[in-house]
Amino acid sequence: MIRKILVAAAASLAAALPVHAQTEIQWWHSMDGALGDKVNELANKFNASQKDYKVVPVFKGTYPESMTAAIAAYRAGNAPHILQVFEVGTATMMAAKGAIVPVYKLMKDADEPFNPKAYLGPVSGYYTDPKGNMLSFPFNSSTPVFYINKDEFRKAGLDPSKPPKTWKEFLADADKLKASGQACVYTTSWPSWVHIENFSAWHNVPIGTKENGMAGLDTEFKINTPLHVRQIAMLGDLAKKNMFRYAGRTNQGGAKFTSGECAMLTDSTGAQANIGRDAKFEWGVSELPYWDDVKGAPQNSIIGGASLWVMGGKTNNAYKGVAKFFSFLSRPEIQMDWHTATGYVPITTAAYELTKKSGYYAKYPGREVAIKQLMNKPPTANSKGLRFGNFVQGRAVIEEELEAVFSGKKDAKTALDDAVRRGDEILRKFEAANK
Amino acid sequence: MEKRVVFQSRWLPYVLVAPQIAITVIFFFWPAVQAGYFSFLVQDPFGQSSSFVWFQNFRDLVRDTNYLESFQTTAVFSLAVAASGIAISLLLAVMAERVVRGATIYKTLLIWPYAVAPAVAGVLWAFLFAPSLGIVAYWLERLGVNWNYNVNGGQAMLLVVIAATWKQISYNFLFFLAGLQSIPRSLLEAAAIDGASPLRRFWTIVFPLLSPTTFFLLVINVVYAFFDTFGVIDATTEGGPAGATQILVYKVYFDGVKGSDLGGSAAQSVILMAIVIGLTVVQFRFVEKKVQY
């Protein structure tokens with residue numbers, strides 16, 4: 001009797017073993033909420049489409065948290081296969097030569113088709129090395145755009161279908177809005193990304209030397225030119241009049257706009273999902289304002305968001321799986337699905353064309369603003385993107401100095417000079433550590 | 001039958017102490033030694049290349065004005081938290097002592113905040129004071145105060161001091177209450193008979209006799225303000241704006257974890273450790289002498 005039970009147990013165990021072992025691919029990401037659900041959906045779709053590999057997405061916290069976790073895991077020998085790293089971490093990842101596998105090499109070794117030219121210019125430009133090889137796989141890219149509260153515009157006697165195109169018009173509109181009783185006329189999210197990094201690219205001026213750091217580790221910041229001072233001084237002035245209400249370094253500005261407190265907002269194109277859901281007024285999206293006395297403006301804006309990096313030290317079989325997953329993600333239908341669900345831009349031209357053809361932009365013109373802004377002109381050395389080492393710290397330094405201006409503690413010129421000085425120190429440290 | 005005070009066994013004491021020593025070695029000595037080692041290196045985040053640079057990390061820190069500012073911020077912060085924490089809880093303990101009806105209720109309710117984790121306390125107070133949403137912020141705006149702690153450094157410091165102190169009041173309260181119980185009633189009654197007012201009785205009898213408790217709480221509160229308030233700062237202001245609430249321990253985290261500057265962060269940890277060791281030594285050698293037991 002016992003023998004029979006044992007035999008039956010052994011047989012059922014054998015039956016429970018998979019016919020062929022699935023290779024698991026760990027994917028650490030920072031997409032929370034609805035974005036996280038979409039990530040899981042993509043992974044499930046891929047897993048269902050083939051039997052050899054299983055992508056396991058794991059939400060590891062915010063971008064800095066998951067990057068830190070991955071660095072620590074790598075040191076302990078347990079890094080994930082795929083890691084989603086935000087744009088400011090690009091330099092750190094690129095400099096970590098043994099720790100990562102460049103995507104172009106991964107795709108070539110796995111015989112998967114991969115054409116960098118299929119990607120939108122600013123997107124691929126950000127993640128390629130000076131030789132034109134793509135080092136990471138673009139996944140979720142956004143760019144800052146300009147939002148207006150159309151109801152408030154009407155109340156102030158402004159035409160809601162004509163949002164300000166230049167910063168001069170913006171100031172005029174701000175005064176009219178204030179006169180009509182709107183206490184807060186402007187707020188922003190991601191102050192450094194919008195008013196320093198994208199501001200520079202949009203006006204075709206450098207953020208730093210050496211092609212914003214892409215051509216060498218010995219780059220230096222150049223964000224204290226008279227044009228930059230003019231921009232930050234304008235914000236400081238508005239802040240003093242309490243017409244510009246600063247909300248924080250990340251996406252906190254969105255809430256001030258959505259609640260109706262502030263009439264104009266600069267924020268990521270990805271904010272449209274939340275604004276659409278929560279705003280109780282009519283709102284519009286348009287391109288970022290610019291100073292029309294600057295030659296070459298407007299140029300094109302640069303991307304934010306993140307890309308997928310492949311960590312080193314894994315088996316070749318796993319890398320084949322990663323390559324197949326990346327090919328899956330590059331399919332236009334998948335890209336279109338991700339783009340329309342999240343508000344991130346479609347990263348390939350094919351996906352953009354497919355979305356256009358489906359009539360999506362006719363229904364939601366706001367979603368196309370970001371792409372049009374990114375593709376406004378072919379990127380120059382000043383507007384391909386940026387690549388500064390330890391830029392998490394660097395951006396924090398810039399934001400600290402901007403906050404000093406917004407709170408009235410420093411004037412714009414001193415703050416930007418200090419930002420350059422402190423930022424350069426960080427760049428030199430990175431250069432020394434990666435010689 | 002003789003009662004022996006000396007313990008007989010040769011090995012049992014070591015075995016009993018071994019788990020605690022193991023924990024102390026693994027979670028305190030080992031990280032401290034590694035921090036010390038890292039402070040002499042400059043390395044890339046992935047640990048693939050590191051170079052020995054002697055005291056360069058320390059030299060860079062001393063020259064960094066932000067680091068020196070962080071010292072000042074930490075001093076202001078810990079002084080504010082310790083002083084207000086002790087003062088408020090002492091007041092509450094003395095008043096709770098005098099209450100006869102519902103004394104247990106007061107005492108229980110006053111102890112509850114200690115159970116709240118620092119990060120949660122930070123979030124709670126951040127919500128109350130949030131510029132666009134918070135109730136307290138709303139009333140402040142009504143009173144004409146332009147409340148925005150994302151921009152105003154003084155307001156940010158006020159917020160984190162309130163959040164950090166609120167938590168610690170319960171802990172101090174408990175100790176003060178116990179301390180007050182141990183003061184002999186006869187002393188106070190004798191003073192009352194002699195005509196001393198309650199205030200006089202407090203300052204000449206109660207306060208001096210409470211000094212062991214006060215000294216102990218001073219040490220605890222300062223250490224709390226130095227280290228355990230990390231959760232409060234991280235959940236509310238993240239060191240901002242413009243470094244107004246960037247206390248030393250937060251800077252260690254920010255530079256090391258977010259900034260991937262392991263060498264600088266380790267050097268800061270070493271300096272912080274030296275400061276706290278120094279403070280504790282000073283307090284026990286000199287302040288202890290003034291305590292009346």
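The dialogue below walks through chain B, one of its helices, its contact with chain A, and one residue of chain A.

Me: How should I read the numbering, and what kind of model is this?

Reply: This is a predicted model, in which local features need pLDDT of at least 70 and side-chain atom pairs count only at pLDDT 80 or more, while totals for chains, interfaces and linings use all residues. Residues are numbered from 1 along each chain as its sequence is written, and chains are lettered from A and ligands numbered from 1 in the order in which they are written.

Me: How many helices and strands does chain B have?

Reply: Helices (H or I, at least four residues) and strands (E, at least two) are DSSP runs, numbered from the N terminus. Chain B has 13 helices and two strands, and its C-alpha trace spans about 75 × 75 × 30 Å along the principal axes.

Me: What share of the residues in chain B is buried?

Reply: A residue counts as buried if 20 or more other C-beta atoms, placed from the backbone, lie within 10 Å of its own, as exposed if 12 or fewer do, and as partly exposed in between. Of the 293 residues in chain B, 32% are buried.

Me: Which residues of α5(B) are buried?

Reply: They are B:P118, B:A121, B:G122, B:W125 and B:F129. Seen down the helix axis, these buried residues fall within an arc of 100 degrees (taken from the directions from the axis to the C-beta atoms), so they line one face of α5(B). Two residues are in contact if their C-beta atoms, placed from the backbone, lie within 7 Å, and what covers the buried residues of α5(B) includes α6, α7, α10 and α11 of chain B.

Me: How many residues does each chain bring to the contact between them?

Reply: Chain B gives 24 residues and chain A gives 32 residues. On the side of chain B that touches chain A, β1 (41–43) and α12 (248–258) each supply at least two residues, and the largest share, three residues, comes from α12(B).

Me: Where does A:L402 lie, and is A:L402 buried or exposed?

Reply: A:L402 lies in helix α19 (residues 391–406) of chain A, and A:L402 is buried, because 27 other C-beta atoms are within 10 Å. Leaving out residues up to four places away in sequence, A:L402 touches A:P191, A:S192, A:I232 and A:A415. A:L402 and A:N204, 198 residues apart in sequence, are 21 Å apart in space, C-alpha to C-alpha.
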